[in-house]
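Q: I would like to learn how to read some features of a model like this one. Where should we begin?

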Amino acid sequence: MKRVSQLTALTAALGLASFFSFAADMAPSLTLSELQQQKGAVIDTRISAFYNGWSQTLNGPSGHEPSALNLSANWLGAMTEAQLKAWAMRHQLTLATPIALYGSDSDNQAVKARLTEAGFSNITLLGDALQTPSRLQRLAHFEQLVYPQWLHELQQGKPVPAAPAGEWKVIEAAWGAPKLYLLSHIPGADYINTNEVESEPLWNKVSDADLKAMLAKHGIRHDTTVILYGRDVYAAARVAQIMLYAGVKDVRLLDGGWKAWDDAKLPVERGTPDNVKPAADFGAPIPGQPQLMLSTEQARGLLHRQDASLVSVRSWPEFTGVTSGYSYIKPKGEIQGARWGHAGSDSTHMEDFHNPDGTMRSADDIARMWKQWNILPDQQVAFYCGTGWRASETFMYARAMGWKHVGVYDGGWYEWSSNPQNPVVSGERGPDSSL
């Protein structure tokens, strides 16, 4: 014990105390091959952006180790003991499963301490983490989900990975007047009221002519990179999906929305947006991608098919007809033959798709969840919810995951249920009900 104390004192003087105390407390590190032989689990303790594929340095490695789970140290404060146990159970981790961590020393220490507290006893480091770039895995289009520090550095004029090719804009999207935006928003951000892209009576997208006028008003051309965020991620996603339909080529979401920026304690500003110079012309026909927005008849054509899925992104109580989910939608039930794509606890939440910090859950988790309901990446897939917001969020995630044939049924349950001749079903049911 005396020798350990002397070593600790020495390393503290060198500024390395935390590293050595952590290393001494860990079992010997394992390589990925060694861990796989023990049927162990790899855990990436970094933020989800780096796990998804963003490099931590301009030319650094991109992605995560094969089959690695993401348990970011940043999530720990938002995870209860029950939630951590549920996370472990969902990923089939037992208390004796060999676990190897990789990330920064501080993140590894935090995750190791929390797992130890939960009863996990076989925890080490992944000795060859991020050293073989060719084996790393990433989201097919990780760049479509940006993270706060990347956006901040872009605004500062610093070189960043996956930088926009030309002009770019940051826009906050929300319903109604910009009350919260006026109090605090990302510097330089414009504001779009969702009423500019959808309208009553069914809250479907506005006409293509109105959409063209809206884009011109906000100075957006087909080749403008638009980076959207919202206090509610699905509000920004709704605007993003409609912009892609219109033909804007590069539309990105701030993963985790305003909360992610606020949590990162990055600069904010108050007041109204600067005067936006209108765009003289969109520069391309509208819509540029009409296949991204489906009509009721097109949605009907996807039902009961092996090569297609009409996917309900509604809470289980909505899907089973316990509630409509909305005060202004009276009919309860679901489209007969639709597959359940998960959502959240009610019509205003999307917990099934979010990490504890509100960012997108891992692609492997989402794909596994969808596969249980016969929703597969090679199918033609259209998402819907009540009026399009939640469906748009899942559309953006599927697009980032590389799913090629995805769209949104714009009318959703509101439009479908307005016609009593459309087939509707209620009650508990499983995946086979859609076959």
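A: With a helix pair. Two packed helices are described by the angle between their axes and the distance between the axes. In this predicted model, the axes of helix α9 (residues 208-217) and helix α10 (residues 233-246) come within 11 Å and cross at roughly 105°. Angles of 65 to 115 degrees count as roughly perpendicular, and α9 and α10 are therefore roughly perpendicular to each other. On the α9 side the contact is made by Asp-208, Leu-211 and Leu-215, and on the α10 side by Ile-242, Met-243, Tyr-245 and Ala-246.

Q: How many nonpolar, polar and charged residues does the contact of α9 with α10 have?

A: The contact of α9 with α10 has six nonpolar residues, one charged residue and no polar ones.

Q: Which residues is Val-197 in contact with, leaving aside its neighbours within four places in sequence?

A: Val-197 lies in the loop between β7 and β8 (198-199). Its contacts outside that sequence window are Asn-204, Lys-205, Val-206, Met-214, Val-239 and Ile-242. Ile-242 also belongs to the α10 side of the helix contact. Distance in sequence and distance in space can be read together here: Val-197 and Asp-208 are 11 residues apart in the chain and 9.7 Å apart in space, C-alpha to C-alpha.

Q: Is Val-197 buried or exposed?

A: The cut-off for buried is under 20% relative accessible area. Val-197 has 0% relative accessibility and so counts as buried.

Q: How do I read a sheet, and which strands stand at the edges of the one with β7?

A: Take the strand order, then look for strands with a single partner. One open sheet has five strands in the order β5-β11-β10-β6-β7, with parallel pairing. β5 (145-146) and β7 (190-193) are at the edges with a single partner strand each, so one side of each has no neighbour in the sheet. Strand β6 (residues 168-174) pairs with β7 in the parallel sense over four bridges, and Ala-173 stands opposite Ile-192 in β7.

Q: In what order do the strands of the sheet with β16 come?

A: The order is β12-β17-β16-β13-β15, again five strands in an open sheet with parallel pairing. The edge strands are β12 (293-294) and β15 (339-340); each has a single partner strand, so one side of each is left without a neighbour in the sheet. Three bridges link β16 with strand β17 (residues 406-409) in the parallel sense. Within that pair, Phe-383 has Val-408 of β17 as its bridge partner.

Q: What does one look for in the faces of a strand?

A: In a regular strand the side chains alternate between the two faces of the sheet. For β3 (99-102), both faces are covered: Ile-99 and Leu-101 are buried on one side, Ala-100 and Tyr-102 on the other. β3 pairs with β1 in the parallel sense over four bridges, with Ile-99 as the bridge partner of Ala-41. β3 also runs parallel to strand β4 (residues 123-125), joined by three bridges, and here Ile-99 stands opposite Ile-123.

Q: Which residues of helix α5 are buried, and what do they pack against?

A: Leu-84, Trp-87 and Ala-88 are buried in α5. They span an arc of only 95° around the axis, which puts them on the same side of α5. The buried residues pack against β1 (41-44), β2 (69-70) and α6 (105-117). The face turned away from the buried side carries the exposed residues Ala-82 and Met-89. α5 is followed by Gln-92, with a positive phi near 60°.

Q: Within what arc do the buried residues of α14 fall?

A: First the list: in helix α14 (residues 363-371) they are Ala-363, Asp-365, Ile-366, Met-369 and Trp-370. They fall within an arc of 165° seen down the axis, so they line one face of α14. These buried residues pack against α5 (81-90), β16 (380-384) and α15 (389-400).

Q: Where is the place of His-91, and which residues does it touch?

A: His-91 is in the loop between α5 and β3. With neighbours up to four places away in sequence not counted, His-91 touches Leu-69, Asp-365 and Arg-368. Its relative accessibility is 12%, so His-91 counts as buried. Asp-365 is itself among the buried residues of α14.

Notes: Residues numbered from 1 in each chain as written. Predicted model: local features only at pLDDT ≥ 70, side-chain atom pairs only at ≥ 80, totals over all residues. Heavy atoms only, no water. Pairing = 2+ DSSP bridges. Helix = DSSP H or I, 4+ residues; strand = E, 2+ residues; numbered from the N terminus. Buried < 20%, exposed > 50% of the residue type's maximum accessible area, 1.4 Å probe, protein only. Arc of directions from axis to C-beta. Contact = heavy atoms within 4.5 Å. Axes fitted to C-alpha atoms, helices over the stretch in contact; angles between N-to-C directions. Parallel < 35°, antiparallel > 145°, perpendicular 65-115°, else oblique. Nonpolar A, V, L, I, M, F, W, Y, C, P; charged D, E, K, R; others polar.
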